[in-house]
Protein chains: 2
Amino acid sequence: MEIIQKLKEHTAIVLPEQGLEQQLAIAAKEQRPLIIKLGFDPTAPDLHLGHAVVLKKLRQFQQLGHQVVIVVGDFTARIGDPTGKNKSRKPLSTAEVQANAATYVAQLGKLIDVHKARIVFNGSWLDRMSPSDMVQVMSQVTVAQLLQRNDFNNRFTSNTPIALHELVYPVLQGFDSVQIRADIEMGGTDQLFNCTMGRQLQETMGQAPQTVLCMPLLKGLDGKEKMSKSLHNTIGLTDAPELMFAKTMSIPDELIPEWLQLVTDFSISEQEALRGRMQVGENPMLIKKCIAANIVTQYHDAGAAEGAAAHFARQFQQRDPEQKEWTPVSLKDLAQTPQVSLQLLDLCHKLKGKLSRTDIRRLIESGAVQLDHQKITDVHSVVTIAPGMKLRIGKRDFFELC
Amino acid sequence: MEIIQKLKEHTAIVLPEQGLEQQLAIAAKEQRPLIIKLGFDPTAPDLHLGHAVVLKKLRQFQQLGHQVVIVVGDFTARIGDPTGKNKSRKPLSTAEVQANAATYVAQLGKLIDVHKARIVFNGSWLDRMSPSDMVQVMSQVTVAQLLQRNDFNNRFTSNTPIALHELVYPVLQGFDSVQIRADIEMGGTDQLFNCTMGRQLQETMGQAPQTVLCMPLLKGLDGKEKMSKSLHNTIGLTDAPELMFAKTMSIPDELIPEWLQLVTDFSISEQEALRGRMQVGENPMLIKKCIAANIVTQYHDAGAAEGAAAHFARQFQQRDPEQKEWTPVSLKDLAQTPQVSLQLLDLCHKLKGKLSRTDIRRLIESGAVQLDHQKITDVHSVVTIAPGMKLRIGKRDFFELC
């Protein structure tokens, strides 16, 4: 009973409701480990704290002796988007898929025991399907059902084209569950639809349908959107200790309760104690320091956490004469490399996307933009990007590149 | 110019409008025959006069030296309907497909030179496609576009399930055009959507898109619905001369102009002369006799036509003391075999579907039903089916089984 409680902790969706109890009962009865599936899209190998929410749950299953199976979606990654409309979906070569999978497995190692997990490539069965097998699989699903998926539904009702092959991808993802005979499929709540495809295909193909277990989507550094690489609001699992620490310090205070729960490994009572301190009026920045240290300890170690905290204090607090907090911005998140030159105007625009170029031009001309504590008033200035560079835009925005 | 006129004669749709002129110009310039595609569904090998409308147009192309390619859709026929919902689409074995194709080719021989035509099976390329090739082909077409096809649209808007593989079939049919590099695809107007798929796929795959040439759908013996085996309103190309003749005599008079055009091979002036005779008040039955004789001559010979006319006169006109015309009904069309016993009530219901069973029961009890000129008043009577059997139902309906 305690096990069930622990496994259900923080889950957003368990489908069917009693699915976890049922699967555990089956495992006990048949004296075998459960097969826990997690799909991985090899076009996006950079893992962040959002992924970690799911991976930590996976770790719980693994620690209970169950079999984790990571399904690398190389089949679709190698095809990409044949319509060429989706530029983020350009086809990957087999070598690229392999490299991305290796990067991914290395990051997985921070959270689960990769030696005990099975890593399989869905191309190994999908590439071998005959055309008539594919038709058979497609016949198990209706068009109306597929168009219920949120993104398809939105596009269909707004007359944004959906190519036929896009409907096929979730069906193939479901077929992966049949192939590995998954008992449980894990994912974020945004994967609910695709995971239910697995249930359906298993059922029509004579298997017991898997239980779907979705974790909540972690909010990113901005405190608004889900953590996502494309939104530049992530903390990467391989980010350096200093960057991890500084990024954590930049989250809005409202995020603290959610991050305590989903990101830290504080015990329930430790979490309660920290929330208690906030309630009695303690500066949220101190709580964030605890969270930041906890995160760095998880993904690096306690020494690194101490070092990062000291670095943060030096860099962002003591050194600044006005006691301003400088928001750290990683070059990676800006999609920039050191030593590249670009217009000051463009750099400001990247950092403060909400301001129009005209606004920024006015700020520069009025002397409200400072680079490394020097006013720059020439709107045509070109700057050479470097970590440590400090940029002040207007009265309230202080950025430090790192 | 005369050739174009002849080729356009009786066509319902030419897409694009100038497509025929363009294709003929290309053929002339490149000094090669055009490739004229006709798809054949090997689940339905029985050809009738409706098919002949398309085949006669195909014959014109063949007589001009163009290359007819018959694409046997064995790929989908062998898969059938995996959902099992469509009972008319049960999977065929390779042997069944071969047998049906042979039957089909034999019937084709009545209208085109089968030795000059190429007969290809689409399984020979579809079965060899890799799963990623299939995804590529599917990516060329949008879901919204497929749902525009009449039957899909009706089902989608009425929430009748459409399985995903059903959307794939027309796309594969279009891919056949790419494979055989079709210049022109022919079909009835009900094939327009599928034929335009071929245009689209050829274009996205770097070929000049085929011209689509659709013939009108011939009305069947009932004068209402299109001629179709499932509606039991056909004249089969292999029907015996007597049956062909008698069935033709049973068409409603309003059908005469359409049949003169699409079914007979009377010249334009001969057709005009026959229409003229009707306009000056001649009995339409005499015009129908001319049509019937013409049809029998086409599919058998002039001698057979003469024999069938004489047989018809003996059987249906002279012998009947009341000079009633007995409507011939073939056992095949009733889906019956000789010597099978069935309830009189059921037989009447098959012949007069518009009457309810209660109506028929009343007619029998009131003595209004005669079997071979004998009143039958027992509603539980059982009859043994035999050709030549005459059944009178009420005052106006006279049927003869043949």
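This passage walks through one helix, the contact between two chains, and a handful of salt bridges in a predicted model.

A few ground rules come first: residues are numbered from 1 along each chain as its sequence is written, while chains are lettered from A and ligands numbered from 1 in the order in which they are written. Because the model is predicted, local features need pLDDT of at least 70 and side-chain atom pairs count only at pLDDT 80 or more, though totals for chains, interfaces and linings use all residues, and side-chain values use heavy atoms, with hydrogens and water left out.

Helix 5 of chain A covers residues 94–108. Helices and strands here are DSSP runs numbered from the N terminus (H or I and at least four residues for a helix, E and at least two for a strand). The expected span of a helix is 1.5 Å times one less than its number of residues, so the 15 residues of helix 5 should stretch over 21 Å, and its end C-alpha atoms do sit 21 Å apart. Which residues of this helix are buried? They are Val97(A), Asn100(A), Ala101(A), Tyr104(A), Gln107(A) and Leu108(A). Seen down the helix axis, these buried residues fall within an arc of 120°, so they line one face of helix 5; the arc is taken from the directions from the axis to the C-beta atoms. Over on the other side, Ala95(A) and Ala106(A) are exposed. For these labels, buried means under 20% relative accessible area, exposed means over 50%, and partly exposed is in between (1.4 Å probe, protein chains only). The buried residues of helix 5 pack against strand 2 (35–40), helix 3 (49–63), strand 3 (67–72), helix 4 (74–79) and strand 4 (118–121) of chain A.

Next comes the meeting of the two chains. The contact (heavy atoms within 4.5 Å) takes 30 residues from chain A and 30 residues from chain B. The size of an interface is often given as the accessible area lost when the parts come together. Chain A and chain B bury about 2,500 Å² between them, 83% of it on carbon and sulfur atoms; this area is summed over both parts, using a 1.4 Å probe. On the chain A side, helix 4, helix 7 (131–138), helix 8 (143–146) and helix 10 (164–180) each supply at least two of the residues that touch chain B. How many salt bridges cross this interface? The rule finds zero, where a salt bridge is a side-chain nitrogen of Lys or Arg within 4 Å of a carboxyl oxygen of Asp or Glu.

Over all chains, though, the salt bridge count comes to 34. One of them joins Asp74(A) to Arg78(A), with the closest N and O atoms 3.2 Å apart. Both residues lie in helix 4 of chain A, four residues apart, or about one turn. Asp74(A) is buried at 8% relative accessible area, while Arg78(A) is partly exposed at 23%.

In chain B, Asp183(B) and Arg32(B) meet in a salt bridge at 2.9 Å, N to O. This pair links distant parts of the chain, 151 residues apart. Asp183(B) counts as buried at 8%, and Arg32(B) is partly exposed at 28%. Another salt bridge pairs Asp239(B) with Lys247(B), again with closest N and O atoms 2.9 Å apart. Asp239(B) is buried at 6%, and Lys247(B) is buried at 4%. Back in chain A, Glu30(A), Arg32(A) and Asp183(A) are linked in a network of salt bridges.

Note on methods:
Buried area is the accessible area (1.4 Å probe) that two parts lose on being put together, summed over both.
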